[in-house]
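Reader: I should be grateful for a close reading of one part of this structure, set in the context of its surroundings. Please proceed from the single residue outward.

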Amino acid sequence: MVKRIVVGAHYGLRDWIGQRATAIFMVIYTVIFALNALMLPEMSYEAWSGMFAGGFLGFLTFLFFLALFYHAWIGVRDIFMDYIKPTGIRLALHVVVLFLLVGYAGWAAQILWRL
Amino acid sequence: MSEATVRKQRPKFLALNEIRLPLPGIVSILHRVSGAGLFLFLPFLLYLFDRSVGSPESFAAYKSVVSNPFIKLILFGLLWAYLHHFCAGIRFLLLDLHKGLELEAARKSSRIVLIVSIALTLVIGVKLW
(Lines give C-alpha, C1' and ligand atoms only; values in the text may rest on other atoms or scores of the structure.)
Protein backbone atom coordinates (compact mmCIF):
# COMPACT_ATOMS: atom_id res chain seq x y z
CA MET A 1 0.00 0.00 0.00
CA VAL A 2 1.27 3.43 -0.88
CA LYS A 3 1.36 5.66 2.15
CA ARG A 4 0.94 9.21 1.08
CA ILE A 5 0.10 12.32 3.01
CA VAL A 6 -1.88 14.59 0.78
CA VAL A 7 -1.42 18.18 1.80
CA GLY A 8 -4.01 20.76 0.82
CA ALA A 9 -6.77 20.36 -1.69
CA HIS A 10 -5.51 21.49 -5.08
CA TYR A 11 -2.02 22.75 -4.69
CA GLY A 12 -0.65 23.91 -7.98
CA LEU A 13 -3.78 23.31 -10.02
CA ARG A 14 -4.44 27.02 -10.32
CA ASP A 15 -0.92 27.65 -11.60
CA TRP A 16 -1.10 24.64 -13.92
CA ILE A 17 -4.26 26.02 -15.48
CA GLY A 18 -2.94 29.58 -15.43
CA GLN A 19 0.18 28.53 -17.29
CA ARG A 20 -1.90 26.90 -20.02
CA ALA A 21 -4.56 29.61 -20.21
CA THR A 22 -1.90 32.30 -20.62
CA ALA A 23 -0.14 30.11 -23.21
CA ILE A 24 -3.28 29.76 -25.30
CA PHE A 25 -3.94 33.49 -25.09
CA MET A 26 -0.38 34.25 -26.19
CA VAL A 27 -0.67 31.87 -29.16
CA ILE A 28 -3.81 33.69 -30.32
CA TYR A 29 -2.23 37.08 -29.69
CA THR A 30 0.90 36.11 -31.62
CA VAL A 31 -1.19 35.26 -34.68
CA ILE A 32 -3.22 38.49 -34.43
CA PHE A 33 -0.04 40.52 -33.94
CA ALA A 34 1.67 38.86 -36.92
CA LEU A 35 -1.34 39.52 -39.17
CA ASN A 36 -1.46 43.18 -38.09
CA ALA A 37 2.27 43.59 -38.60
CA LEU A 38 2.08 41.98 -42.05
CA MET A 39 -0.67 44.40 -43.05
CA LEU A 40 1.40 47.47 -42.16
CA PRO A 41 1.89 49.56 -45.33
CA GLU A 42 5.47 50.40 -44.30
CA MET A 43 7.79 49.95 -41.34
CA SER A 44 7.75 53.59 -40.21
CA TYR A 45 7.43 55.03 -36.72
CA GLU A 46 3.88 56.26 -37.41
CA ALA A 47 2.63 52.94 -38.76
CA TRP A 48 4.36 50.84 -36.09
CA SER A 49 3.42 52.88 -33.01
CA GLY A 50 -0.04 53.56 -34.45
CA MET A 51 -0.62 49.81 -34.44
CA PHE A 52 -0.57 49.79 -30.63
CA ALA A 53 -2.10 53.21 -30.03
CA GLY A 54 -5.41 52.62 -28.27
CA GLY A 55 -7.83 50.35 -30.05
CA PHE A 56 -8.25 46.64 -29.81
CA LEU A 57 -4.63 45.63 -30.46
CA GLY A 58 -3.41 47.99 -27.75
CA PHE A 59 -5.81 46.39 -25.31
CA LEU A 60 -4.74 42.87 -26.37
CA THR A 61 -1.07 43.84 -26.19
CA PHE A 62 -1.44 44.89 -22.57
CA LEU A 63 -3.19 41.60 -21.79
CA PHE A 64 -0.39 39.81 -23.64
CA PHE A 65 2.20 41.41 -21.37
CA LEU A 66 0.25 40.44 -18.24
CA ALA A 67 -0.18 36.87 -19.55
CA LEU A 68 3.51 36.74 -20.42
CA PHE A 69 4.63 37.86 -16.95
CA TYR A 70 2.31 35.45 -15.14
CA HIS A 71 3.43 32.64 -17.48
CA ALA A 72 7.08 33.58 -16.88
CA TRP A 73 6.53 33.59 -13.13
CA ILE A 74 5.21 30.01 -13.13
CA GLY A 75 7.95 28.80 -15.47
CA VAL A 76 10.84 30.43 -13.63
CA ARG A 77 9.41 29.31 -10.29
CA ASP A 78 9.32 25.72 -11.59
CA ILE A 79 12.94 25.98 -12.72
CA PHE A 80 14.00 27.22 -9.29
CA MET A 81 11.97 24.49 -7.57
CA ASP A 82 13.82 21.90 -9.67
CA TYR A 83 17.38 23.16 -9.34
CA ILE A 84 17.73 25.39 -6.28
CA LYS A 85 17.60 23.13 -3.23
CA PRO A 86 18.45 25.48 -0.30
CA THR A 87 15.08 26.91 0.75
CA GLY A 88 16.41 30.33 1.72
CA ILE A 89 18.14 30.97 -1.59
CA ARG A 90 15.15 29.67 -3.55
CA LEU A 91 12.77 31.90 -1.63
CA ALA A 92 15.01 34.92 -2.14
CA LEU A 93 15.16 34.21 -5.90
CA HIS A 94 11.38 33.85 -6.03
CA VAL A 95 10.95 37.24 -4.41
CA VAL A 96 13.46 38.85 -6.79
CA VAL A 97 11.68 37.38 -9.84
CA LEU A 98 8.26 38.45 -8.54
CA PHE A 99 9.44 42.02 -7.98
CA LEU A 100 11.06 42.10 -11.41
CA LEU A 101 7.91 40.85 -13.15
CA VAL A 102 5.63 43.26 -11.31
CA GLY A 103 8.04 46.04 -12.27
CA TYR A 104 7.99 44.89 -15.91
CA ALA A 105 4.18 44.98 -15.84
CA GLY A 106 4.31 48.59 -14.67
CA TRP A 107 6.87 49.38 -17.37
CA ALA A 108 4.71 47.76 -20.06
CA ALA A 109 1.66 49.72 -18.88
CA GLN A 110 3.66 52.93 -19.00
CA ILE A 111 4.86 52.19 -22.57
CA LEU A 112 1.36 51.43 -23.85
CA TRP A 113 -0.49 54.15 -21.87
CA ARG A 114 1.78 56.82 -23.30
CA LEU A 115 0.69 56.05 -26.86
CA MET B 1 4.28 13.25 9.81
CA SER B 2 7.36 11.02 9.58
CA GLU B 3 5.41 8.75 7.24
CA ALA B 4 5.81 11.36 4.53
CA THR B 5 9.40 10.18 4.16
CA VAL B 6 8.33 6.75 2.87
CA ARG B 7 9.78 6.65 -0.61
CA LYS B 8 10.41 4.09 -3.26
CA GLN B 9 14.04 3.38 -3.95
CA ARG B 10 14.51 3.95 -7.65
CA PRO B 11 17.61 3.38 -9.73
CA LYS B 12 19.38 6.56 -10.72
CA PHE B 13 21.51 7.10 -13.77
CA LEU B 14 22.58 10.68 -13.99
CA ALA B 15 25.82 10.60 -16.00
CA LEU B 16 24.81 13.61 -18.07
CA ASN B 17 27.64 13.14 -20.56
CA GLU B 18 26.57 9.56 -21.25
CA ILE B 19 22.82 10.01 -21.44
CA ARG B 20 21.63 10.13 -25.00
CA LEU B 21 18.48 12.20 -24.83
CA PRO B 22 15.73 11.10 -27.23
CA LEU B 23 14.14 13.75 -29.48
CA PRO B 24 11.15 14.43 -27.18
CA GLY B 25 13.65 14.94 -24.35
CA ILE B 26 15.63 17.42 -26.46
CA VAL B 27 12.45 19.35 -27.27
CA SER B 28 11.56 19.35 -23.58
CA ILE B 29 14.90 20.67 -22.30
CA LEU B 30 15.03 23.25 -25.11
CA HIS B 31 11.55 24.39 -24.03
CA ARG B 32 12.99 25.10 -20.61
CA VAL B 33 16.21 26.66 -21.93
CA SER B 34 14.34 28.91 -24.38
CA GLY B 35 11.89 29.97 -21.68
CA ALA B 36 14.71 30.84 -19.28
CA GLY B 37 16.54 32.76 -22.02
CA LEU B 38 13.44 34.74 -22.93
CA PHE B 39 12.90 35.59 -19.27
CA LEU B 40 16.48 36.80 -18.86
CA PHE B 41 16.21 39.03 -21.93
CA LEU B 42 12.81 40.50 -20.97
CA PRO B 43 14.25 43.85 -19.84
CA PHE B 44 16.19 44.16 -23.10
CA LEU B 45 13.09 43.34 -25.18
CA LEU B 46 10.94 45.77 -23.17
CA TYR B 47 13.60 48.42 -23.66
CA LEU B 48 13.58 47.84 -27.43
CA PHE B 49 9.78 47.95 -27.55
CA ASP B 50 9.78 51.15 -25.49
CA ARG B 51 12.28 52.79 -27.87
CA SER B 52 10.46 51.59 -30.99
CA VAL B 53 7.13 53.20 -30.03
CA GLY B 54 8.42 56.12 -27.92
CA SER B 55 8.92 58.91 -30.46
CA PRO B 56 10.26 59.32 -34.01
CA GLU B 57 13.69 60.09 -32.49
CA SER B 58 13.72 57.03 -30.24
CA PHE B 59 12.47 54.95 -33.19
CA ALA B 60 15.54 56.07 -35.16
CA ALA B 61 17.73 55.17 -32.17
CA TYR B 62 16.00 51.79 -31.96
CA LYS B 63 16.70 51.21 -35.66
CA SER B 64 20.38 51.88 -35.21
CA VAL B 65 20.54 49.56 -32.17
CA VAL B 66 18.92 46.62 -33.99
CA SER B 67 21.08 47.13 -37.08
CA ASN B 68 24.16 46.26 -35.02
CA PRO B 69 25.27 42.74 -36.17
CA PHE B 70 25.86 41.56 -32.60
CA ILE B 71 22.37 42.70 -31.50
CA LYS B 72 20.93 41.08 -34.63
CA LEU B 73 22.51 37.79 -33.62
CA ILE B 74 20.99 38.04 -30.13
CA LEU B 75 17.57 38.89 -31.58
CA PHE B 76 17.87 35.98 -33.99
CA GLY B 77 18.51 33.70 -31.01
CA LEU B 78 15.57 35.19 -29.10
CA LEU B 79 13.34 34.80 -32.15
CA TRP B 80 14.25 31.12 -32.26
CA ALA B 81 13.67 30.84 -28.50
CA TYR B 82 10.19 32.35 -28.87
CA LEU B 83 9.26 30.17 -31.83
CA HIS B 84 10.62 27.00 -30.28
CA HIS B 85 8.82 27.74 -27.00
CA PHE B 86 5.70 28.49 -29.08
CA CYS B 87 5.78 25.25 -31.13
CA ALA B 88 6.87 23.01 -28.26
CA GLY B 89 4.20 24.63 -26.08
CA ILE B 90 1.48 23.76 -28.56
CA ARG B 91 2.82 20.20 -28.62
CA PHE B 92 2.66 20.02 -24.81
CA LEU B 93 -0.89 21.36 -24.84
CA LEU B 94 -1.85 18.58 -27.26
CA LEU B 95 -0.11 16.02 -25.04
CA ASP B 96 -2.17 17.40 -22.13
CA LEU B 97 -5.23 16.51 -24.19
CA HIS B 98 -3.79 13.00 -24.66
CA LYS B 99 -3.15 13.60 -28.33
CA GLY B 100 -0.01 11.98 -29.74
CA LEU B 101 1.04 10.15 -26.61
CA GLU B 102 2.22 7.01 -28.42
CA LEU B 103 5.97 6.68 -28.79
CA GLU B 104 6.04 6.97 -32.56
CA ALA B 105 3.66 9.94 -32.62
CA ALA B 106 5.58 11.67 -29.82
CA ARG B 107 8.88 11.26 -31.67
CA LYS B 108 7.35 12.48 -34.88
CA SER B 109 5.77 15.56 -33.29
CA SER B 110 9.01 16.47 -31.53
CA ARG B 111 10.85 16.29 -34.86
CA ILE B 112 8.17 18.52 -36.40
CA VAL B 113 8.57 21.03 -33.54
CA LEU B 114 12.34 21.23 -34.03
CA ILE B 115 12.11 21.59 -37.81
CA VAL B 116 9.18 24.02 -37.92
CA SER B 117 10.65 26.33 -35.28
CA ILE B 118 14.00 26.51 -37.06
CA ALA B 119 12.31 27.00 -40.46
CA LEU B 120 10.07 29.78 -39.11
CA THR B 121 13.08 31.42 -37.45
CA LEU B 122 14.93 31.47 -40.78
CA VAL B 123 11.93 32.75 -42.76
CA ILE B 124 10.97 35.51 -40.29
CA GLY B 125 14.56 36.36 -39.39
CA VAL B 126 15.64 36.75 -43.01
CA LYS B 127 12.53 38.78 -43.82
CA LEU B 128 13.06 41.11 -40.84
CA TRP B 129 16.82 41.54 -41.09
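In which helix of chain B does A36(B) lie?

Author: This is a predicted model, and every value below is computed from it. A36(B) belongs to helix α1 of chain B. A residue is counted as buried at 20 or more other C-beta atoms within 10 Å and as exposed at 12 or fewer; A36(B) has 15 such neighbours inside 10 Å, and therefore counts as partly exposed. Along the sequence A36(B) stands 45 residues from A81(B), yet in space the two C-alpha atoms are 9.3 Å apart.

A second residue of the same helix may be placed beside it. S28(B) is also found in helix α1 of chain B. With 16 C-beta neighbours inside 10 Å, S28(B) is likewise classed as partly exposed. S28(B) and Q9(B) are separated by 19 residues in sequence and by 25 Å from C-alpha to C-alpha.

The surroundings of α1(B) lead to helix α5 of the same chain. The buried residues of α5(B) pack against α1 (23–40) and α4 of chain B. Those buried in α5(B) are S109(B), S110(B), V113(B) and S117(B). As for its length, α5(B) has 26 residues, which at 1.5 Å a residue should span 38 Å; the C-alpha atoms at its ends lie 37 Å apart, so the expectation and the model agree.

The packing of α5(B) with α4(B) can be described in detail. Helix α4 (residues 69–96) and helix α5 (residues 103–128) of chain B pack at an angle of about 145 degrees, and their axes are 9 Å apart. Their crossing is right-handed. From α4(B) the contact draws on F76(B), L79(B), W80(B), L83(B), H84(B), C87(B), A88(B) and R91(B). These meet S109(B), V113(B), V116(B), S117(B), L120(B), T121(B), I124(B) and G125(B) of α5(B). Sorted by class, the contact of α4(B) with α5(B) comprises 10 nonpolar, five polar and one charged residues. Three residues named on the α5(B) side, S109(B), V113(B) and S117(B), are buried.

Between these two helices runs a loop with a backbone feature of its own. H98(B) is found in the loop between α4 and α5 of chain B. Its phi is positive, about 65 degrees, although H98(B) is not a glycine. Most residues other than glycine have a negative phi. H98(B) has 7 other C-beta atoms within 10 Å and is therefore exposed.

The account now turns to the nonpolar cores. The largest nonpolar core has 15 residues, and those with the most contacts inside it are F65(A), L68(A), F69(A), A72(A) and W73(A). Helices α1, α3 and α4 of chain A each give two or more residues to this core, and α3(A) gives the most, with seven. Apart from this core lies another, of 10 residues, among them V27(B), L30(B), A81(B) and Y82(B). A81(B), a member of that second core, is the residue whose C-alpha atom lies 9.3 Å from that of A36(B).

Chain A is also the partner of chain B across an interface. There, 19 residues of chain A are in contact with 20 residues of chain B. On the chain A side, α1 (13–38), α2 (45–52), α3 (55–83) and α4 (87–114) each supply at least two residues. By class, that side has 14 nonpolar, three polar and two charged residues.

Two residues of chain A complete the view. A37(A) lies in helix α1 of chain A. With 14 C-beta neighbours inside 10 Å, A37(A) counts as partly exposed. A37(A) and V76(A) are 39 residues apart in sequence, and their C-alpha atoms are 30 Å apart. L91(A), by contrast, lies in helix α4 of chain A. L91(A) is exposed, because 12 other C-beta atoms lie within 10 Å. Its C-alpha atom is separated by 38 Å from that of F56(A), with the two positions 35 residues apart along the chain as the sequence separation.

How values were computed: Residues numbered from 1 in each chain as written. Chains lettered and ligands numbered in written order. Predicted model: local features only at pLDDT ≥ 70, side-chain atom pairs only at ≥ 80, totals over all residues. Contact = placed C-beta atoms within 7 Å. Helix = DSSP H or I, 4+ residues; strand = E, 2+ residues; numbered from the N terminus. Nonpolar A, V, L, I, M, F, W, Y, C, P; charged D, E, K, R; others polar. Axes fitted to C-alpha atoms, helices over the stretch in contact; angles between N-to-C directions. Left-handed = near helix turned anticlockwise from the far one by under 90°. Expected span 1.5 Å × (residues − 1). Core = buried A, V, L, I, M, F, W, Y, C linked by C-beta atoms within 7 Å.
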